Protein chains: 2
Amino acid sequence: MSADLPKDRAPSIRDVARLAGVSHQTVSRVLNDHPSIRETTKARILQVMEELQYRPNQAARALSKGHSRTIGVLTASSAQYGPARSVAAIEDAARRQGYFVDTANLSVADPAAIEDALEHLLDQAVEGLVIIAPQERVFDVLERLDIAVPYVSLQSTGKHDLRELAADQILGAKMATRHLIDLGHREIVHLAGPQDWNEAEARMRGFLLEIDDADLMTHPPILGDWTADFGYFAGQELLRSRDFSAVFAANDEMALGLLHALHDARLSVPGDVSVVGFDDVPVASHSWPPLTTIHQDFDGIGRLAFATLLREMGTGVDVPTAPIAPRLVVRGSTGPVPVSRLPLLKRY
Amino acid sequence: MSADLPKDRAPSIRDVARLAGVSHQTVSRVLNDHPSIRETTKARILQVMEELQYRPNQAARALSKGHSRTIGVLTASSAQYGPARSVAAIEDAARRQGYFVDTANLSVADPAAIEDALEHLLDQAVEGLVIIAPQERVFDVLERLDIAVPYVSLQSTGKHDLRELAADQILGAKMATRHLIDLGHREIVHLAGPQDWNEAEARMRGFLLEIDDADLMTHPPILGDWTADFGYFAGQELLRSRDFSAVFAANDEMALGLLHALHDARLSVPGDVSVVGFDDVPVASHSWPPLTTIHQDFDGIGRLAFATLLREMGTGVDVPTAPIAPRLVVRGSTGPVPVSRLPLLKRY
DNA sequence: TGCTCGCATGTGCACGGTCACAATTGTGAG
DNA sequence: CTCACAATTGTGACCGTGCACATGCGAGCA
């Protein structure tokens, strides 16, 4: 029990074998829970492992077995609440299943950067990809590179089958719009996200569908960039011609910026203008007034993404999944259409 | 040029060698930029690689060379703006240097979960660790496990030398407090973060130091949990006894929750109460009123963390680093102390 | 011409696991 | 006690790459 440490290297399976007086293969069997091993042998080996602080070498295992047990996550703007939350959920779910997660974040989204990030992930021999940068350009690059591994996107590309999530976005947007219509609003403006994001496009589609259903007119949506700053400036712009009584913003940040602009203009929310956001970020309930918004279960979406990927990867493991439904959370930023805006002029 | 694909496996260095009519070692030399290779040979090999879509197997490389070129990032609450931002910056910097980043997120911070997450990272044979979960418990576990790899923390533990960042936190807190004192406030309350976070503790220390310097009294700080919800409830609590004219919140989220509570109570900010936050999250400039806060360069902190880790890991690479300074951003949530609160009572 | 030297390239093994297959031991029936 | 068969364990090759150590070859020099 004293001629333990042969080298300065980390102990290997053979070191354990030697000390336990068995062959390396027997040790390997312990590692892989092989059924036919004598209990006493197993116990002895486990004890030696403990003594040596043995830790299996994943690289060697990956090399030998031909898989890496690693998935890649490609994100854009991973500092935003929603994506960050989903990434955390994916990471958690993956770890639970013994998978490693390698991430690549896109700071800029030109094709070169996208390709660079994807190459980085593929270098790691990832077995699957989660795309949280649902921009068309990304899918273009994915197709061009002819990726060999399965991937899922947090939004539908129209080419894959994560439709639940896509329906989500559309449905959520419809719910938000419906809410405003139910309150009597007839002049509703949409502050949209960048249209190269499928997500933004889906929300806009939901909005337009609902507007159409109600036989209403609307301005062409304002195309924003998700940021509160943009919401603020868009608000200033909108206020030049006050021909609306409600705004549906494609995310909470823009909605909050918009609220700021409305405050600056001494307008009352919801007295003069109603505002709905999307996402339900944690501060949404503490703005002034608290923001009516569409709640998304980002954790659930992340888990679902990983579960779906696992299925796509054809592992035996099949984690049960439930579709994710958006939810309208009514707070203080929406109210009945102001009297001055009742559809009198439209009546005759 | 037709008997290309020998198997269904991914092409290996030997496949390339065979098609290029050289030995596998020569191919390896091309991969590693060995100086003595004839240009023509190199060109030929590169072309074959291109044809075969050859991609070096990182697992094999890791096994052979004995290193993984992977670093681990342990985070808590990675969905918060600051940490998320820093993680993205670390990932970006690491990728630039050819490193992979494996993350583990702590949803709960009990020792078992911490150990679990660390084990996961160590299983991947990470060569270094970045800790963004600066809770004492984490360091306890780190010491207990007797981790063999270097690690850096985004906050000082008092045992390592990332003092710049720690000084940052203290300095930032002092700046925030000083700002309030300069405006004439004498009754300042601190809404602190959870004290098992070194970060929160440092901010509180900065606050107390500055209070002490100015010979002021203060309540024992209220210990929060970083969330806007807590800020809201703390505000309600504080308002029972209105014996303060200013609040310094340890982060923006709590500050925003506090603003909400103040609005609910029909108090004016900064007319009745001044509020300072910490972090300068993107929505901070769009709250009502816009939040005065301490700006932190999260990207810079992330980059610095990776650069420091690289140095600790003893790689030749030494990325130049610059210390990170916090910055006071004065917006609308702070103003002169209200007349009703001038230190009359304290004068005699 | 013969020798040394340096560049360009090849040979064989190690890295730490797993797999396929062989070998050994143990068990119960005849 | 012997044999068939199952349970347990051992042997050697292989995964893809890099390293140490040849080897071949042409140039420079005596």
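The contact between chains A and B and the surroundings of DNA strand C are described below. The model is predicted, so that local features require pLDDT of at least 70 and side-chain atom pairs pLDDT 80 or more, whereas totals for chains, interfaces and linings use all residues. Residues are numbered from 1 along each chain as its sequence is written, chains are lettered from A in the order in which they are written, and side-chain values use heavy atoms, without hydrogens and water.

Chain A and chain B each bring 50 residues to their contact (heavy atoms within 4.5 Å). The area buried between them is about 4,200 Å², with 55% from carbon and sulfur atoms; buried area is the accessible area (1.4 Å probe) lost by two parts on being put together, summed over both. In chain A, the greatest losses to chain B are those of Arg95(A), His286(A) and Trp288(A), together 18% of what that side buries. Between the chains there are 6 salt bridges (a side-chain nitrogen of Lys or Arg within 4 Å of a carboxyl oxygen of Asp or Glu). One of them joins Arg55(A) to Glu119(B), with the closest N and O atoms 2.8 Å apart.

Around DNA strand C are 30 residues, of which Ser28(A), Ser64(A), Thr26(B), Arg29(B) and Thr41(B) come nearest (a residue is near a strand if one of its heavy atoms lies within 4 Å of it). Sugar and phosphate make up 59% of the strand C atoms within 4 Å of the protein. A phosphate oxygen of the strand lies 2.7 Å from a backbone N or O atom of Ile13(A), and a polar side-chain atom of His24(B) is 3.4 Å from a base oxygen.

Notes:
A polar contact is a pair of N or O atoms within 3.5 Å; within protein, one must be able to donate a hydrogen and the other to accept it, and residues adjacent in sequence count only if both atoms are side-chain atoms.
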